[in-house]
Structures are given as C-alpha cells and as structure tokens.
Amino acid sequence: MAALGSFGNLLLNENMKVFRRVRTWIMLAILVLISLLMPVLMREGMGSSDTLFWQPAATTVQIAFFLNTIFCVVIAAETVAGEFTWGTIKLLLIRPWSRSKILASKYLTVVGFSILSTLLVIGMAMLSSYILFSHEVSVDRSIIAADAFTRWGYLYIDLFITLAIAFMVSSVFRSGALAIGLSLFIMFTQNIFSLIFNPDRYEWAKYVLFNNMNLSKYMNSSSDMGLMNGASEGMTLGFSLAVLAAYYVIFMVISWVVFNKRDVAG
C-alpha cells in the first residue's frame, strides 16, 4: 500500500507539471474551440440541419484530431527531455523513487493527457453537432454511430503509437525538438511511405510500421465517412494490431533500457 501511495504521489507530481503550465490549458482551449465551431461552419455551409448529427460530429473529430495529435506529441516529447533541458532530472533521481517508476509515471501522465484531450474533442464535437443538426431516430442511426465510434477508436490507436514513438525518442535522445520533429514527420509522410512500400508489391512491406497505422482502411469502403482505400491483400485488422503491438513493445523496451542504464544524471 505504501508503494502504491508513493507511486500515486509521483504520478500526481507529473500531472501537476503538465497542468500547471498555461500552454497546456491553451492547447485544450484550442481543441474545445475547434470542436465547437466546426459544426457551426458546416451548418452554415450546408444551409440545412437535416443531416444526422453523427456525420458532422465524425468529420469534426477527424479534423480536430490532427491538432490533438500534435498537442499530445508536444506533451510526450517534453515529459522526459524537458527534465534534462530544465536541469530538474537530478532532483527526481535523488528522491526515493526508482528510475522505472519515474519513467512509468511520466508515460502514464502522457497517456492520461491524450485520453482527456481525445474525450474532450469527441464530447464537444458531439454536443455542438447534436444542437445544430438532426437527431431523429432512424434505421441508419445505429450504423452511423457505430461507424463513428469505431473510426474514433482507430484514430486514437494511431495517436497512441505516435505518442510511443515521441516518448521513446525523448527518452533516448533527451531532445524534445527531435521527438516532436520525428513524430510530425511520421504523421505527414506515413501515407507517402505506404504508397512507396506497397504491400501489394513487396511482401515484407506489410510489416512496415507505416502500413499498419491507419486502421480506418479496414472499415467498409462504402461508408460515407471513409477516408482511405481498402487494405492490401494478406493484411487484416488483427494482423495490423499485432504488428503495432510488437512495435509498441519495442519502443517501450528501448525507452526503459536506455533511461535505466544511461547516466541520466550526467
């Protein structure tokens, strides 16, 4: 119990570092503003409120999620690297906490922030869309709702893996700028690399990270909210999840090994 209490205090301390910064609240405010205003702009652009609210809500989340990912990456990139930049890592290491607990508390703080920001985007988008658009009961309503929640889940998995990359780079290279830059590079170029290393042309390419991050390709391609083409032959949702899980374990192991073995106090 004492150990749990000690780790809880460490986790609380890491969350305070994040949420006491004005920048954090500005980022959350921007996400709220975009999520609330996008349905308003779509309502004005359509000139009608007959569309079922799930559709503008889904579109709003997809647009806002790009910015949400960037903000979460910024938090993930600085959670470890920032300690070295500010010189506060030594203050952490002299306290009675193991390096594994310190790293775990930082990572859980990053994941917690990403969940909070994601729920905030979804909640505000649904609220604004529900007010401005139709919410009549229909046969297609449950199908569209399920499609939206599935797509949002896939978006978060993409975000989750991107955060793992940013956290690993931050832990290994102690550079927040490098972690942010590499994560943004992956965000902007993953579709390009998927075209270059096409699994339909190269059998080994189906194991490449970029070809497995966009899980929305496994959804019904006839969906009105579909964004990507279908999956390559031999690739399934389960396969991509397994590949992502393997990469995730590798990223976490590298982060843990380097942070524990390197002379971080130097």
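This dialogue goes through the helices of a predicted model and the packing of one helix pair.

Colleague: How many helices and strands are there in the protein chain, and in what order do the elements run?

Modeller: The protein chain has nine helices and zero strands, and from the N terminus on its elements run α-α-α-α-α-α-α-α-α. Buried residues make up 46% of the 266 residues, and among contacts between residues at least 6 apart in sequence, 83% join residues at least 24 apart.

Colleague: What span does helix α2 reach from its first C-alpha to its last, and which of its residues are buried?

Modeller: Helix α2, residues 22-46, has 25 residues and reaches 36 Å, which is close to the 36 Å expected at 1.5 Å a residue. Its buried residues are Thr24, Met27, Leu28, Leu31, Ser35, Met38, Pro39 and Met42.

Colleague: What describes two packed helices?

Modeller: In general, two packed helices are described by the angle between their axes and by the distance between those axes. Here helix α6 (residues 141-173) and helix α7 (residues 176-196) pack at an angle of about 150 degrees, with their axes 8 Å apart. Because angles over 145 degrees count as roughly antiparallel, α6 is roughly antiparallel to α7. The crossing of α6 and α7 is right-handed.

Colleague: Which residues of α6 and α7 meet, and how do they divide into nonpolar, polar and charged?

Modeller: From α6, the residues Asp158, Thr162, Ile165, Ala166, Val169, Ser170 and Phe173 meet Leu178, Ala179, Leu182, Ser183, Ile186, Met187 and Gln190 of α7. The residues of this contact divide into nine nonpolar, four polar and one charged.

Methods
Residues numbered from 1 in each chain as written. Predicted model: local features only at pLDDT ≥ 70, side-chain atom pairs only at ≥ 80, totals over all residues. Heavy atoms only, no water. Helix = DSSP H or I, 4+ residues; strand = E, 2+ residues; numbered from the N terminus. Expected span 1.5 Å × (residues − 1). Buried < 20%, exposed > 50% of the residue type's maximum accessible area, 1.4 Å probe, protein only. Axes fitted to C-alpha atoms, helices over the stretch in contact; angles between N-to-C directions. Parallel < 35°, antiparallel > 145°, perpendicular 65-115°, else oblique. Left-handed = near helix turned anticlockwise from the far one by under 90°. Contact = heavy atoms within 4.5 Å. Nonpolar A, V, L, I, M, F, W, Y, C, P; charged D, E, K, R; others polar.
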